[in-house]
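Here are a few short exercises to work through with the model open. Try each one yourself before you read the solution.

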Amino acid sequence: MRRSGIIVRTTDNDCEHYAVIDKKLVWHGGMNLLGKADFYDNLIRVENEQAAAELLEMTDQVLGAEK
């Protein structure tokens, strides 16, 4: 994935589940796309550069605190 330009950041802490694509598209939620459907499944898509920037900043803060 790195060779394709995809950066994946993970954490051992409980956290939100989201993906930021091209610094403007956000997929947020918890849904097992390959598994059994659950009542609590949710997934939202937002195209907003400010929301993406805020999530990336929060990610940097969380990962920086883990070091």
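The exercises go from the whole chain to single residues.

This is a predicted model, where local features need pLDDT of at least 70, side-chain atom pairs count only at pLDDT 80 or more, and totals for chains, interfaces and linings use all residues. Residues are numbered from 1 along each chain as its sequence is written, and side-chain values use heavy atoms, leaving out hydrogens and water.

**Exercise 1.** Work out the pattern that the protein chain follows along the sequence.

*Solution.* Start with the elements, taken as DSSP runs (helices: H or I, at least four residues; strands: E, at least two; numbered from the N terminus). You get one helix and three strands. Now read along the sequence: the pattern is β-β-β-α.

**Exercise 2.** Place Met31 and decide whether it is buried, partly exposed or exposed.

*Solution.* First find Met31: it sits in the loop between strand 2 (25-30) and strand 3 (42-47). Next, take the classes: buried is under 20% relative accessible area, exposed over 50%, partly exposed in between (1.4 Å probe, protein chains only). Met31 has 39% relative accessibility, so it counts as partly exposed.

**Exercise 3.** Do the same for Thr59, then look up its surroundings.

*Solution.* Thr59 belongs to helix 1 (residues 49-66). Its relative accessibility is 12%, so Thr59 counts as buried. Then check its side chain: a polar atom there lies 2.8 Å from the backbone oxygen of Leu55. Finally, skip neighbours within four places in sequence, and Thr59 is in contact (heavy atoms within 4.5 Å) with Arg9 and Tyr18.

How values were computed
Polar contact = N/O pair within 3.5 Å; in protein donor to acceptor, adjacent residues only side chain to side chain.
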